Amino acid sequence: MKNIPKVYCASIATETNTFSPLKTNMKNFKEAFFAKPNHHPSTPTLCSALFPLLRKKNRKNEIKLIEGTATWAEPGGLIDSKTWNDLKKLILKEIKNAGKLDIVLLGLHGAMIAKNCVDCEGDLVKNIRKIVGPNVVIGATFDPHSHLSKKFITNTNILTVFKEFPHTDFVETAKNCINLSIKTFNKNIKPKISVFDVKMMTILPTSKEPMRSFVDKIKLLENKSPILSISVIHGFMAGDSPDLGAKLVVITDSKKKYGDKISYELGMSLFNKRKNLAPKSFSATNSLKEAKKLSKKNKKPILIADIWDNPGGGVPGDSTTLIKKAISMKLKNIALGSIWDPLAVKLCHKAGENKEINLNFGSKIMKESGGAIHKKVFVKKIKKNVYQKFGSSLVPMGDSACIIFDGIEVVLNSNRCQTFSTDLFSKLGINISKKNIIIVKSTNHFYKSFKPHVSEIIYASIDGIYPNNPKKNKYIKLKRKIWPIVSNPHQ
Ligand SMILES: [Zn+2]
């Protein structure tokens, strides 16, 4: 008779920007996404795609599933010690109460840092291993914007990481993690993890070359025995961690030496492309000038991505720098989505649609984010509990509003989130196809949804909001030598 594994599954995830003025506590987890055991929604979230996939296997009697807690906090600053201790305790208690387990699967982000713990994921798996012993399979999924520690790898059997940035493959990543973990339980494979430290920190969008070809290449290699899985950790420059930076992860079927060789070769080939990986970016003024010029030649709108005012990277997401520049340049027919300002949203909702009000909005948290805008605005649309789609997941924007002034339409939202899809505009009554310029706040997750609707994409790099230069960031925990802080750390 077939041996049915007993599987426990949980998800705790956030991405900690240790330089952010926003702190992260239990309230932030509870407000963003918190599903008690057996209460996970039927749709996946970015870091919890394991749940719906495992339920399917459970229904087919391929596994016996014990569902644990799944929670996510919108990226922000350091997690307070009590919140981390409580979350960890919660998961460990669920595992103890689950009785004898065969597999533990974790949907993690990989860049979670608490005041009392610089490596939350490593700490979590180490404690889980203590409870379940050496023979239980532990598998996990990571976001590539993470810090991979030795502690984490030592205590884990399987790690799969989203290959795409934008992370459009989060469901596939969870599927691979589940399949490899079950194969390990059935003793069909003996996974050995090799990690190569690329010693590099930059941004690696896979929507452009040279990353596009690199990802396609590793996908092909994954089909070649004894390789079971290949992942690239991109690193997260806003998190001061001893493990900061890119890593190349290769899992082989009991061929550790071969895995070491492949991870070294791929890692060095990535390192050699380091200067061409990040997209070309413009200042605020130049990005608008460029967009103005291009919009005259193209029918479809020009998109400007405000890449560093991205709540997905742990900053507030309420910068007004670009929009203020657009006002001063007298640019018209622009849509911007979105500015996080719960108070301004409340005032718009109170006023109602088709009303004109005096509004003070944006830039409420950091002095570097442009300063608030005071305007007489027209409230075009108000809406409660708005969601935008990202792949098969739904991202809550909270109550939102669309305001108009000076030929500019702006989406204001009350739940901090980056721009994932064109929904963000259409749900608030904005027809982006009619605009000259669209401004979004996101590093690259917007790409897939917006690309068909725009003629050009301009990446605007506005300094001051986000610690976007590893050479200037004041890291204390990072002690390893990495590029670009040193020119060649591999020498
Ligand atoms: Zn990410």
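This briefing covers helix packing, a three-stranded sheet, salt bridges and backbone geometry. The model is predicted. Helices H2 and H6 pack with their axes 9 Å apart. Strands S7, S9 and S8 form an open antiparallel sheet. The whole structure holds 22 salt bridges. Cis peptide bonds precede Pro166 and Pro484.

**Helix pair H2 and H6**

- H2 spans residues 50-59 and H6 spans residues 170-185.
- Their packing angle is about 50 degrees. That makes H2 oblique to H6, because the angle falls outside the roughly parallel, perpendicular and antiparallel ranges.
- The crossing of H2 past H6 is right-handed.
- H2 contributes Leu50, Leu53, Leu54 and Lys57 to the contact. On the H6 side stand Val171, Ala174, Lys175, Cys177, Ile178, Asn179 and Ile182.
- By class, this contact of H2 with H6 has eight nonpolar residues, one polar and two charged.

**Sheet S7-S9-S8 and helix H8**

- The strand order is S7-S9-S8, with antiparallel pairing.
- S7 (191-197) and S8 (227-233) are the edge strands. Each has a single partner strand, so one side of each lacks a neighbour in the sheet.
- Neighbouring strands are turned by 15 degrees against each other on average, direction ignored.
- Seven bridges join S7 to S9 (residues 247-253) in the antiparallel sense.
- Phe196 stands opposite Leu248 in S9.
- Helix H8 (residues 256-272) packs on this sheet and touches S7, S8 and S9. The direction of H8 makes about 30 degrees with that of S7.

**Salt bridges**

- Side chains of opposite charge can pair when their charged atoms come close.
- One salt bridge joins Lys441 to Asp309, with the closest N and O atoms 2.6 Å apart.
- This pair links distant parts of the chain, 132 residues apart. Lys441 sits in the loop between strand S17 (437-440) and helix H13 (447-450). Asp309 sits in the loop between strand S11 (302-306) and helix H10 (321-328).

**Backbone exceptions**

- Most residues other than glycine have a negative phi, and most peptide bonds are trans.
- The peptide bond from Phe165 to Pro166 is cis, with omega near 15 degrees. Pro166 lies in the loop between strand S6 (158-161) and H6.
- Trp483 and Pro484 are also joined by a cis peptide bond, with omega about 10 degrees. Pro484 belongs to the segment after strand S18 (456-460).
- Lys187 is not a glycine, yet its phi is positive, at about 60 degrees. Lys187 is in the loop between H6 and S7.

Methods: Residues numbered from 1 in each chain as written. Predicted model: local features only at pLDDT ≥ 70, side-chain atom pairs only at ≥ 80, totals over all residues. Heavy atoms only, no water. Axes fitted to C-alpha atoms, helices over the stretch in contact; angles between N-to-C directions. Helix = DSSP H or I, 4+ residues; strand = E, 2+ residues; numbered from the N terminus. Parallel < 35°, antiparallel > 145°, perpendicular 65-115°, else oblique. Left-handed = near helix turned anticlockwise from the far one by under 90°. Contact = heavy atoms within 4.5 Å. Nonpolar A, V, L, I, M, F, W, Y, C, P; charged D, E, K, R; others polar. Pairing = 2+ DSSP bridges. Salt bridge = Lys/Arg side-chain N within 4 Å of Asp/Glu carboxyl O.
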